[in-house]
Amino acid sequence: MAMNIQTIPNVSDKINQIRHLTAGIINKEILPIENQLWRGRRGGKDAKADRERAKALRENVKLKVKEAGLWAPHLPDEYGGCGLDFLEHAYMNEVLAYAMGAASLFGVVAPNSGNQKILLKYGTEEQKKKWLVPLTEGKLESGFSMTEPDSAGSDPRSIKTTARREGNEWVINGHKWFTSNGLRADFLIVMCRTDDPSGPADRNDKMTQIIVPTDTPGVNIIRGIEVWGHSSDHVEIIYDDVRVPAENQLGQTGSGHRAAQDRLGAGRVYHCMNSVGQMWRAFDLMVERATSREVHGGLLEDKQFIQGFIADSYIDIQASRLMTIHCAERMESGVDARTEISALKIFVPAAYTRVVDRAIQVWGAAGVSGDLPLAGMYQGARTLRLADGPDEVHKILIAKNVLKQYHAGESWDFGN
Ligand SMILES: Cc1cc2nc3c(=O)[nH]c(=O)nc-3n(C[C@H](O)[C@H](O)[C@H](O)COP(=O)(O)OP(=O)(O)OC[C@H]3O[C@@H](n4cnc5c(N)ncnc54)[C@H](O)[C@@H]3O)c2cc1C
């Protein structure tokens, strides 16, 4: 089923144009061959030939995306992107996420895209030339290495990996895991503690991000961690006396926490708009099946259990979408939206999980098969509840912001 994208009355012409153009590519170029685009990845008979055919198909879609002027929405023109602003990019995401994996065909590949944004904002001209340009041209791959097995990822200030300055070099020691894309990465942006660990624990200026080429002696990639039963390129790494030039430091010493927040804040809105697009797809699949599958003498759509699924999913999608757009509009206008970001980071992945769960139920065994994108969506939705800050941490943040306002003598203004 094609994604139904109509003109939205109260947004800019540019947003409407981008959504229509993106939907054109999703509906005409991607959905009809969706099952062939990623063939051969899990091995099996003819895997090599399948992989080559799939790659050629993907390259062809990428050409169409570039012709439509939609390549790399997160990057400005001078770095080969289409230079969308924050809101335009958010609105584009709900459309392109309708097809699984489509973001990469539009030049948005995590964690490279997040690293590109960080290099754009914090990189020196030299760093941009050396790392950002080849990254945008697809000549280099990268990873972001923050989470550690021995400290809580939900409290980034507890990171134990250290970087100590020796002359003109940083010397890095530590143990990280879940560094995505680690097997292919040419360089990693590594979050390091560069301050005296004996200082107060709650300070934010103890961390610095440092660019580390993966072929530097002492970068020991131990394994790709198995995730949801499959091998993956989320890697575990030991940094053992890794020496890199001091000029590999990104931004000021101590700016690492701020840079990570910059990356994650916008990223959470983009991820939630992606989730909305994927819920939209799951919803279409669920309704399609409900209107065609006969059980116990009638169509599924006539059973009230299933009508309940449709109504509850409709509510979940509308609520998620409106929350995310409201938050994106606040961010675009420069207002502090941290409470809204935390709220949607909790609500949207949970709603996404519910919607996909119902779609799987309606499809029965086919719902968990590789013939449909639902099983992959389900795993992605569940993972989102702990990645980018787990639910509990965001709840604490919301309550803290609300209580602060009430203690200051003001109630909460839900109208803005
Ligand atoms: C597929 C995948 C890809 C990833 N990619 C990357 C990557 O590229 N780079 C990277 O650096 N990291 C990556 N991560 C790691 C991810 O960011 C962390 O897993 C996440 O930040 C949570 O950290 P943790 O796993 O250490 O959990 P912990 O911090 O140990 O938290 C575990 C649980 O404790 C609970 N909890 C935490 N704090 C509180 C609290 N204050 N009160 C009550 N309960 C609480 C929550 O339920 C939480 O889920 C990835 C993870 C996954 C699954």
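Here's a quick tour of a ligand's surroundings and two helices. Keep in mind that this is a predicted model. The ligand has 20 residues around it, and the helices to look at are α8, with 29 residues, and α1, with 18 residues.

**Around the ligand**
- The closest residues to the ligand are Met-146, Ala-152, Gly-153, Ser-154 and Ser-180.
- Three elements each give two or more residues to this shell: β1 (142–145), β3 (169–179) and α11 (391–407).
- Helix α11 gives the most, with three residues.
- Sorted by class, the shell has eleven nonpolar residues, eight polar ones and one charged one.
- Domain 2 (142–250) and domain 3 (258–407) each supply at least three residues to the shell.

**Helix α8**
- This helix covers residues 304–332 and reaches 42 Å from its first C-alpha to its last, close to the 42 Å you'd expect at 1.5 Å a residue.
- Its buried residues include Ile-306, Phe-309, Asp-316, Arg-321 and Met-331.
- Among the elements covering those buried residues are α3 (86–96), α7 (256–290) and α9 (338–363).
- After α8 comes Gly-334, which has a positive phi, near 85°.

**Helix α1**
- Running over residues 13–30, α1 reaches 25 Å between its first and last C-alpha, close to the expected 26 Å.
- Buried residues here include Ile-15, Arg-19, Thr-22 and Glu-29.
- Look down the axis of α1 and its buried residues fall within an arc of 145°, so they line one face of the helix.
- On the face turned away from that buried side, you'll find the exposed residues Asp-13 and Lys-28.
- The cover over the buried residues of α1 includes α2 (47–67), α3 and α4 (102–105).

Terms used: Residues are numbered from 1 along each chain as its sequence is written. This is a predicted model: local features need pLDDT of at least 70, side-chain atom pairs count only at pLDDT 80 or more; totals for chains, interfaces and linings use all residues. A residue is near a molecule or strand if its C-beta atom, placed from the backbone, lies within 6 Å of it. Helices (H or I, at least four residues) and strands (E, at least two) are DSSP runs, numbered from the N terminus. Ala, Val, Leu, Ile, Met, Phe, Trp, Tyr, Cys and Pro count as nonpolar, Asp, Glu, Lys and Arg as charged, and the others, Gly among them, as polar. Domain bounds come from an automatic or database domain assignment. The expected span of a helix is 1.5 Å times one less than its number of residues. A residue is buried if 20 or more other C-beta atoms lie within 10 Å of its own, exposed if 12 or fewer, and partly exposed in between; C-beta atoms are placed from the backbone. Two residues are in contact if their C-beta atoms, placed from the backbone, lie within 7 Å. The arc is that of the directions from the helix axis to the C-beta atoms.
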